[in-house]
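Here is my note, in numbered points. Please read it with the structure open beside you.

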Amino acid sequence: MEITFGSRLKHAWNAFFNKDPTYNMGLGYTYRPDRPRFTRGNEKTIVTAVYNRIAMDAAAINIQHVRLDKNGRFLDVINSGLNNCLTLEANTDQTGRAFIQDAVMSMLDEEIARAIIVGDGRSTADDDKINESNIRPIWTDDDLYTIKTTVSPSEDTDDARAKAFIRACVKSRKDYKGSGTPTLYTTEDVLTDCLLMEDGMGRVIYESVDKLATALRVKEIVTVPVLENLTRTNSDGDTVELMGIIVNLADYNVGADKGGAVNMFDDFDIDYNAQKYLIETRCSGALIKPYSAIALEIAASTAD
């Protein structure tokens, strides 16, 4: 199965949590088979403004397995398998340096995935802010593309919020014009409250996540930690908190130079006596179908 730039984004959460996709790629050498090979880029042209340069500079700080005293102060380095993994070899054919590079690659995957779903979370004054005009977050995209649905619970309880959330999901699906059956991205708290709902006899209404997904008319439910406690000010000036996003990522188009190539640069910094790495890619992205996503929000005062 060919590993494309888009498929890396779709599996970014799994990659970050070390849940490897089951690709049958045969034998791998040095790097995980679902990771692109690092190439030393030498492009010196000016890329058009729609491309957004995303770079991650990881200095080679020594990572070791150590022993601390009761006050958290360093005592000595432990000669263990974990320390060998971090300094010598992570796998039979992977060095400790390659292991750290692979960890940084997972961080880059998660950063891009977060930017696509809700934005990178940085302030507009931050120099590292990912330009939201270049990678347009699904949550805050124009109403033409992302349907903003308000969850209105009848009372301020977990069960009432969960019931209102399910009702809002189902009713808003009539306005959804995206491809196929979408996926619900939400938080563990929202999912837990929905699964704990009981009927009048005290029996759990939804016995599994699959049954809840069927009731919500979504393909699957994916819990994403970065969605927790996210708020924004809507067009009415009210503060709302995000509860979930329904979208099929096939409707989100990602453009990149050289097929989404990820370049790896490394050099020794004599001033800091450290090996430094730079991993970068250039890409842009946006929803391409009107009404292809649904953002479910609740008034911040009700969510507390």
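1. Which side chain does D156 meet in a salt bridge? The partner is R161, with an N to O distance of 2.4 Å. The model is a predicted one, so keep in mind that side-chain atom pairs count only at pLDDT 80 or more. The two partners sit in different accessibility classes: D156 is partly exposed, at 48% relative accessible area, whereas R161 has 13% and counts as buried.

2. R161 has a further partner. D158 also forms a salt bridge with R161, and here the closest N and O atoms are 2.5 Å apart. Both D158 and R161 belong to helix α5. They are three residues apart, about one turn of the helix. D158 is partly exposed, because its relative accessible area of 40% falls between the 20% and 50% limits.

3. Now the wider charge pairing. Side chains of opposite charge can pair when their charged atoms come close. The count for this model is 13 salt bridges. One of them joins R122 and D120, at 2.8 Å from N to O. R122 is partly exposed, with 30% relative accessible area. D120 is buried, at 7%.

4. Next, helix packing. Two packed helices are described by the angle between their axes and the distance between the axes. Helix α5 covers residues 158-172, and helix α6 covers residues 188-195. Their axes are 9 Å apart and make an angle of about 95°. That value lies in the 65 to 115 degree range, so α5 and α6 are roughly perpendicular to each other.

5. Which residues meet where α5 and α6 pack? On the α5 side they are D158, A162, F165 and I166. On the α6 side they are V190, D193 and C194. D158 thus appears twice in this note: it meets α6 as part of this set, and it forms the salt bridge with R161.

6. Two backbone angles deserve a look. Most residues other than glycine have a negative phi, and most peptide bonds are trans. N229 is not a glycine, yet its phi is positive, at about 60°. N229 lies in the loop between β8 (221-223) and β9 (231-233). Its relative accessibility is 64%, so N229 counts as exposed.

7. The second is Y291. Its phi is near 55°, again positive in a residue other than glycine. Y291 is placed in the loop between β13 (274-287) and β14 (293-299). Is Y291 buried or partly exposed? It is partly exposed, with a relative accessible area of 36%.

8. On the surface, L68, F74 and V77 form a nonpolar patch. Together they have about 280 Å² of accessible area. L68 belongs to strand β2, residues 66-68. With 46% relative accessibility, L68 counts as partly exposed.

9. Last, the overall figures. The protein has 304 residues, and buried residues make up 42% of them. It contains eight helices and 14 strands. Among contacts with a separation of 6 or more, 68% are between residues 24 or more positions apart. The accessible surface comes to about 17300 Å², and carbon and sulfur atoms account for 48% of it.

Key:
Residues are numbered from 1 along each chain as its sequence is written. This is a predicted model: local features need pLDDT of at least 70, side-chain atom pairs count only at pLDDT 80 or more; totals for chains, interfaces and linings use all residues. Side-chain values use heavy atoms; hydrogens and water are left out. Patches are made of residues with over 30% relative accessible area and no salt bridge: like charges are joined within 9 Å, nonpolar side chains (Val, Leu, Ile, Met, Phe, Trp, Tyr) within 5 Å. Accessible areas come from the Shrake-Rupley method with a 1.4 Å probe; for residues, only the protein chains shown count as cover. A salt bridge is a side-chain nitrogen of Lys or Arg within 4 Å of a carboxyl oxygen of Asp or Glu. Helices (H or I, at least four residues) and strands (E, at least two) are DSSP runs, numbered from the N terminus. Buried means under 20% relative accessible area, exposed over 50%, partly exposed in between (1.4 Å probe, protein chains only). Contact means heavy atoms within 4.5 Å. Axes are lines fitted to C-alpha atoms, for helices over the stretch in contact, and angles run from 0 to 180 degrees between N-to-C directions. Angles under 35 degrees count as roughly parallel, over 145 as roughly antiparallel, 65 to 115 as roughly perpendicular and the rest as oblique.
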